[in-house]
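Work through the exercises below with the model open beside you. Try each task before you read its solution.

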Amino acid sequence: MDIKTASALRRLRLVSAPEAVSFLLLLVCSVLKRTTSFDGVMVMGIVHGVLFILYVVFWLDAWSRTKWQFKTAALYFVLSVLPTGGFFAERKLKREAEASVIAARARREGVVNA
């Protein structure tokens, strides 16, 4: 894996958890708006919107660089629209990055001909 692909995956991984948190907070603010006088939907809506757009941009970049199959790319997109999906995406991306580092080290040391 080259450095640009690794960077694209890292960016996607780093934005996935904050995007999931902002989605959950937006849902909480929405409930609070209906049940109390607290109204934080406007602010959380903007924060979540910006983070979601960043996630989609980073997702597209990672998809184009990694040459994921459609099924894998669709999974990461679906995880972005589920309230806690970003946490699962972050964990899966972290495992994928660790596996690619291990594979690169093995190739460099001549252990694997991949």
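**Exercise 1: A pair between two helices**

The side chains of Arg13 and Glu90 form a salt bridge, with 3.0 Å from N to O. Task: state which helices hold Arg13 and Glu90, and how far apart they are in the chain.

Solution.
- Step 1. Recall the rule: a salt bridge is a side-chain nitrogen of Lys or Arg within 4 Å of a carboxyl oxygen of Asp or Glu.
- Step 2. Place the residues. Arg13 is in helix H1 and Glu90 is in helix H4. They are 77 residues apart, so the pair links distant parts of the chain. Helices (H or I, at least four residues) are DSSP runs, numbered from the N terminus.
- Step 3. Check the exposure. Buried means under 20% relative accessible area, exposed over 50%, and partly exposed in between (1.4 Å probe, protein chains only). Arg13 has 18%, so Arg13 is buried. Glu90 has 22%, so Glu90 is partly exposed.

A note on the source: this is a predicted model, where local features need pLDDT of at least 70, side-chain atom pairs count only at pLDDT 80 or more, and totals for chains, interfaces and linings use all residues. Residues are numbered from 1 along each chain as its sequence is written, and side-chain values use heavy atoms, with hydrogens and water left out.

**Exercise 2: A network**

Task: find which residues are linked in a network of salt bridges.

Solution.
- Step 1. Start with the general idea. Side chains of opposite charge can pair when their charged atoms come close.
- Step 2. Count. The rule gives three salt bridges.
- Step 3. Take Arg11 and Asp61. Their closest N and O atoms are 2.6 Å apart. Arg11 sits in helix H1 and Asp61 in helix H2, 50 residues apart.
- Step 4. Take Asp61 and Arg65. Their salt bridge is 2.9 Å, N to O. Both residues lie in helix H2, four residues apart, about one turn of the helix.
- Step 5. Join them. Arg11, Asp61 and Arg65 make up the network.
- Step 6. Compare the cover. Asp61 is buried at 19%. Arg11 is partly exposed at 32%, and Arg65 is partly exposed at 35%.

**Exercise 3: The two sides of H3**

Task: say which residues of H3 are buried, and what covers them.

Solution.
- Step 1. Find the helix. H3 spans residues 70–81, twelve residues in total. From first C-alpha to last, H3 reaches 17 Å, close to the 16 Å expected at 1.5 Å a residue. The expected span is 1.5 Å times one less than the number of residues.
- Step 2. List the buried residues: Ala73, Tyr76, Leu79 and Ser80. They cover an arc of only 120° around the axis, so they are on the same side of H3. The arc is that of the directions from the helix axis to the C-beta atoms.
- Step 3. Look at the cover, judged by contact (heavy atoms within 4.5 Å). The cover includes helix H1 (3–35), H2 and helix H4 (85–108).
- Step 4. Turn to the face away from the buried side. That face carries the exposed residues Phe70 and Lys71.

**Exercise 4: An unusual phi**

Task: state where Lys67 lies, and whether Lys67 is buried or exposed.

Solution.
- Step 1. Lys67 is in the loop between H2 and H3.
- Step 2. Its phi is positive, about 60°, although Lys67 is not a glycine.
- Step 3. The relative accessible area of Lys67 is 66%, so Lys67 is exposed.
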